[in-house]
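Please look over the sequence and the structure shown below before reading on. The report that follows takes up a pair of packed helices, then the interior, and then a few single residues.

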Amino acid sequence: MVFSVIAVWLLVAAVPLWIFRWVLYSGLEPRERQIFRRIVKLRHERAVVFALRVFGYLLALAVAVFALVFGLRFFKHGTVGFGTFREMIRSRMYSGMHPLDQALDQYHYHQPLPIAVLTTILVLSIAFTLVAVALRDIVLIKRMKRKLARLER
């Protein structure tokens with residue numbers, strides 16, 4: 001639940017960041033754009049690789065938590081049973097819009113627990129990647145413009 005809320009807020013934050021990144025990038029001259037692309041290509045990893053790495057870390061963390069929780073459940077009750085996400089997590093996140101809430105119930109809360117956790121991890125890693133790449137590009141463009149201005153003096 002907490003991770004779903006964090007993912008939604010990261011997605012909301014990604015929109016203005018990408019708009020600001022686009023404004024900064026469109027203000028670059030063609031030569032500056034080439035320099036920017038070259039810097040990103042040579043010095044920074046691709047966004048897809050970063051997203052896969054974040055997904056892998058979150059997946060490893062989720063597997064460790066599941067192993068601990070269901071291991072303790074096995075020692076206490078003698079069974080390990082995966083139910084639906086709805087059975088395990090009582091609190092839900094609702095938007096107040098009926099069609100969206102129905103879709104959220106259908107595609108997230110009524111799924112088996114491992115699938116619901118995988119979708120949450122996927123959305124969280126995508127949202128974090130969108131924010132991180134936008135922030136990286138904004139900082140890189142501003143730093144590059146400062147250095148180019150210093151060189152022109």
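## Two helices that pack together

In this predicted model, helices α3 and α6 pack with their axes 9 Å apart, at an angle of about 145 degrees, and their crossing is right-handed. On the side of α3, the contact is made by Ala47, Phe50, Ala51, Val54, Phe55, Leu58, Leu59, Ala62, Phe66 and Phe70, while α6 brings residues that include Leu113, Val117, Leu118, Ile121, Leu122 and Ser125, as well as Phe128 and Val133. When the residues of this contact are sorted by type, 19 are nonpolar, 2 are polar and none is charged.

One residue from this contact can be followed in detail. Phe55 lies in helix α3, which covers residues 47-77, and, leaving out residues up to four places away in sequence, Phe55 touches Leu118, Ile121, Leu122 and Ser125. Although Phe55 and Leu122 are 67 residues apart along the chain, their C-alpha atoms are separated by 6.4 Å. Is Phe55 buried or partly exposed? Its relative accessibility is 21%, and since buried means under 20%, Phe55 counts as partly exposed.

## The protein as a whole

The protein has 6 helices and 0 strands, so that its pattern, read along the sequence, is α-α-α-α-α-α. Of its 153 residues, 27% count as buried, and its accessible surface comes to about 10800 Å², with 69% of that surface belonging to carbon and sulfur atoms. Among contacts between residues at least 6 apart in sequence, 78% join residues at least 24 apart.

## The nonpolar cores

In soluble globular proteins, nonpolar side chains tend to be buried together. Here the largest nonpolar core has 11 residues, namely Leu24, Tyr25, Leu28, Ile35, Phe36, Val40, Ile138, Leu140, Ile141, Met144 and Leu148. Three helices, α1 (2-26), α2 (30-43) and α6 (113-152), each supply at least two residues of this core, and the largest share, 5 residues, comes from α6.

Within this core, Ile138 touches Leu17, Phe20, Arg21 and Leu24, again not counting residues up to four places away in sequence. Apart from this core lies another one of 6 residues, among them Ala7, Leu10, Ala127 and Val131.

## Two residues to compare with the core

Asp137 has its place in helix α6, and at 3% relative accessibility Asp137 counts as buried, because the cut-off for buried is under 20%. Which residues is Asp137 in contact with, leaving aside its neighbours within four places in sequence? They are Arg21, Phe36 and Val40, and both Phe36 and Val40 are listed in the largest nonpolar core.

Ile39, in turn, has its place in helix α2. With a relative accessible area of 25%, Ile39 is partly exposed, and because a nonpolar core is a set of buried residues, Ile39 is not counted in one. Ile39 nevertheless touches His44, Leu140 and Met144, when residues up to four places away in sequence are not counted, and Leu140 and Met144 do appear in the largest core. Ile39 and Leu140 are 101 residues apart in sequence, yet they are 8.7 Å apart in space, from C-alpha to C-alpha.

Key. Residues numbered from 1 in each chain as written. Predicted model: local features only at pLDDT ≥ 70, side-chain atom pairs only at ≥ 80, totals over all residues. Heavy atoms only, no water. Core = buried A, V, L, I, M, F, W, Y, C linked by side-chain atoms within 4.5 Å. Buried < 20%, exposed > 50% of the residue type's maximum accessible area, 1.4 Å probe, protein only. Helix = DSSP H or I, 4+ residues; strand = E, 2+ residues; numbered from the N terminus. Contact = heavy atoms within 4.5 Å. Areas by Shrake-Rupley, 256 points an atom, 1.4 Å probe, with all protein chains shown as cover. Axes fitted to C-alpha atoms, helices over the stretch in contact; angles between N-to-C directions. Left-handed = near helix turned anticlockwise from the far one by under 90°. Nonpolar A, V, L, I, M, F, W, Y, C, P; charged D, E, K, R; others polar.
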